[in-house]
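This report describes selected strand pairings, aromatic contacts, backbone features and internal space of one protein model. The sequence and the coordinates are shown first, and the description follows.

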Amino acid sequence: MKAQSLRARLILIILTPLLLISVVATAWQFHNTTDRAEEIFDRGLLSAALAISRDVAVSGGDALSPATRRLVSDTSGGELFYHVFAPDGVFVTGYATPPVSPFPVAAGPQEPQFYDAVYQGRDVRVLRFQDATVIDNVSGLFTITVWQDTQVRAGFIRDVVLRVFGVIALMVVSVALVVWFGVGLGLRPLLDLQEAIARRNPNELEPIRRNVPVEAQGIVSTLNTLLDRVSRRISSKDEFISNAAHQLRNPIAGVLALAEAVEKAPTPEAAKSRSSELIAAARHATHLTNQLLSFERATGSDVALNGEVLDAEALIALVVTRFEQQHPGYTVTVTSDRKTSHHHIWGDPVMLQEAFLNLLANAVVHGGPQVSRIDLRISASDQAIEIIVEDDGIGIDPADHVLAIGRFSQAKAGPGSGLGLPIAARVVENHKGALQIKPSTSGAKIQISLPVWRDLDAARPAAAPHQRHLSQT
């Protein structure tokens with residue numbers, strides 16, 4: 001999309017309706033001026049006709065008074081022509097032949113008649129007027145015809161409209177200039193903000209604290225929120241890299257030491273024994289690396305973008321099957337209420353499986369040798385689906401609940417990376433749920449709550465392939 005100048009947009013937004021209003025105003029002014037000009041010029045013709053009738057009666061048709069001559073020579077800015085004839089049709093004074101009238105000559109007095117005609121190839125406006133008077137002992141209705149070139153009227157209308165249009169055009173140009181320079185002044189705080197941001201180095205992610213116009217406060221607030229998220233994300237990455245380097249240092253050093261021991265083994269039997277230890281150490285390092293990657297994926301997973309509609313019971317059934325395949329000596333007892341089959345959740349199937357597998361594996365790794373039972377219970381309400389994982393192992397002391405959920409930490413020293421519960425907690429958190437360690441009289445009890453997916457009908461066509469995928473994995 002082509003970028004547009006804010007100045008150009010404002011000028012376009014302001015000037016477009018202003019130009020439309022100007023066009024309407026000019027058209028209205030033209031129509032109004034035309035009507036007024038017709039009225040003014042017609043009155044001028046009538047005034048001239050009355051003056052001519054008066055002077056003809058006074059002078060017997062021989063001459064017009066100086067005032068009437070001035071009126072005839074310059075009526076509303078143009079020359080006026082006239083013709084007078086007696087009741088018997090005899091020419092009295094004026095120009096020889098008047099324009100032909102479209103109206104019949106009446107036998108008696110009639111109102112002044114205005115009409116348009118052509119005189120010597122030119123369009124004219126004509127007034128025919130009858131007045132009863134006496135000239136040289138001849139009495140009756142004398143007919144006075146007065147006419148004027150219509151170009152005089154057109155010129156008058158054109159001058160008036162051009163003056164109005166000039167004023168409107170000047171106003172539009174003035175508004176455009178005011179908007180152009182006014183927007184520049186109005187945008188100066190934003191340009192200052194841009195310069196201030198541009199002067200920051202990549203490590204300066206502190207919130208922007210500058211006085212900005214009210215209209216820009218939303219943008220600055222959103223940008224500050226983004227900067228805060230980026231800052232926390234970078235801090236999390238830095239912390240993860242630091243912790244990962246710390247956690248991997250010892251396993252890698254152990255693998256290297258065992259590899260050197262295998263190389264320097266005095267006998268084949270010793271080399272074989274140390275090779276087994278090397279393989280176990282390498283597996284431990286691999287598991288730790290996978291756990292670290294899983295934790296990082298759980299931290300950065302965008303469930304809203306990558307999620308899909310999942311059947312809760314199908315997901316749990318798949319997790320239990322995978323767990324029992326990975327740990328042949330353990331069986332998970334699954335119980336669920338009748339409501340569960342009618343509820344779905346929105347989530348990332350891979351990360352949710354990883355979270356539940358970690359919880360089940362934790363029961364084996366940290367529950368101690370006495371673990372003989374792992375129960376998984378599912379219950380549902382209109383708001384959430386709850387999954388409880390409980391074993392009969394050594395359990396977690398209430399004072400260590402916070403420590404157990406912290407990454408790279410364990411409630412009690414033992415095998416494992418200390419990432420099982422943190423991974424599960426982070427995955428559940430990304431799914432808008434909650435993970436809690438509940439008190440238990442025997443073993444550990446972990447409760448997970450996940451929100452129920454509401455828009456099931458709209459998602460049902462797309463959800464079926466995902467559910468088939470879960471059952472076949």
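In this predicted model, five strands form an open sheet with mixed pairing, in the order S7-S9-S10-S12-S11. Its edge strands, each of which pairs on one side only, are S7 (332-336) and S11. From one strand to the next, the twist averages 15 degrees.

Two pairings within this sheet show both senses in which strands may run. Strands of a sheet pair through backbone hydrogen bonds, either parallel or antiparallel. S7 and S9 are paired in the parallel sense, over five bridges, and Thr-335 stands opposite Arg-377 in S9. Strand S9 (residues 374-380) and strand S10 (residues 384-391), by contrast, pair in the antiparallel sense, over seven bridges. Ser-379 has Glu-386 as its bridge partner in S10. Three residues make up the connection in the hairpin that joins S9 to S10. Of the seven residues of S9, five are buried, so this strand is largely enclosed by the rest of the structure.

A second antiparallel pairing is that of S3 and S4, which are joined by seven bridges. Ala-117 has Val-124 as its bridge partner in S4. S3 and S4 form a hairpin with two residues between them.

How are the side chains of S3 distributed over its two faces? In a regular strand the side chains alternate between the two faces of the sheet. Along S3, Gln-113, Tyr-115, Ala-117 and Tyr-119 point to one face and are buried. Phe-114, Asp-116 and Val-118 point to the other face and are not buried.

The backbone has two residues to note for their phi angles. Most residues other than glycine have a negative phi, and most peptide bonds are trans. Gln-120, although not a glycine, has a positive phi of about 55 degrees; this residue is found in the loop between S3 and S4. Lys-432 is likewise not a glycine and has a positive phi of about 65 degrees. Lys-432 lies in the loop between helix H11 (420-430) and strand S11 (434-438). Exposed means over 50% relative accessible area. At 69% relative accessibility, Gln-120 therefore counts as exposed, and at 71% Lys-432 does so as well.

Aromatic contacts form a further group of features, with eight aromatic pairs in the structure. A pair of aromatic rings is described by the distance of the centres and the angle of the planes. Two of the pairs are set out below.

| Ring pair | Centre distance | Angle of planes | Class |
|---|---|---|---|
| Phe-41 and Phe-156 | 5.8 Å | 70 degrees | edge-to-face |
| Phe-81 and Tyr-119 | 6.2 Å | 40 degrees | tilted |

Why is the pair of Phe-41 and Phe-156 edge-to-face? Planes over 60 degrees apart count as edge-to-face, and the planes of Phe-41 and Phe-156 are at 70 degrees, so this pair falls in that class. The pair links distant parts of the chain: Phe-41 belongs to helix H1 (residues 6-59) and Phe-156 to helix H3 (residues 150-186), 115 residues apart. Phe-41 is buried, with a relative accessible area of 1%, whereas Phe-156 is partly exposed at 33%.

For Phe-81 and Tyr-119, the planes are at 40 degrees, so the pair is tilted. Phe-81 lies in strand S1 (residues 80-85) and Tyr-119 in strand S3 (residues 113-119), so the pair ties together parts that are 38 residues apart in sequence. Both Phe-81 and Tyr-119 are buried. These two residues also belong to a cluster linked by ring pairs, which contains Phe-81, Tyr-82, Tyr-95, Tyr-119 and Trp-147.

The remaining topic is internal space. How many cavities of 30 Å³ or more does a search of the whole structure find? The search finds one, and the largest cavity has a volume of about 30 Å³. Its lining consists of Ser-53, Val-56, Val-84, Thr-133, Ile-135, Phe-142 and Ile-144. H1, strand S4 (122-135) and strand S5 (138-149) are the elements that give two or more residues to this lining. By residue class, the lining divides into five nonpolar residues, two polar residues and no charged residues.

Conventions:
Residues numbered from 1 in each chain as written. Predicted model: local features only at pLDDT ≥ 70, side-chain atom pairs only at ≥ 80, totals over all residues. Heavy atoms only, no water. Phe/Tyr/Trp six-rings, centres within 6.5 Å; stacked < 30°, edge-to-face > 60°. Helix = DSSP H or I, 4+ residues; strand = E, 2+ residues; numbered from the N terminus. Buried < 20%, exposed > 50% of the residue type's maximum accessible area, 1.4 Å probe, protein only. 1 Å grid on protein atoms, 1.4 Å probe; cavity = no way out; pocket = protein on both sides within 12 Å on 5 of 7 lines; lining within 4 Å. Points joined across faces, edges and corners; volume = space filled by probe spheres on them. Nonpolar A, V, L, I, M, F, W, Y, C, P; charged D, E, K, R; others polar. Pairing = 2+ DSSP bridges. Axes fitted to C-alpha atoms, helices over the stretch in contact; angles between N-to-C directions.
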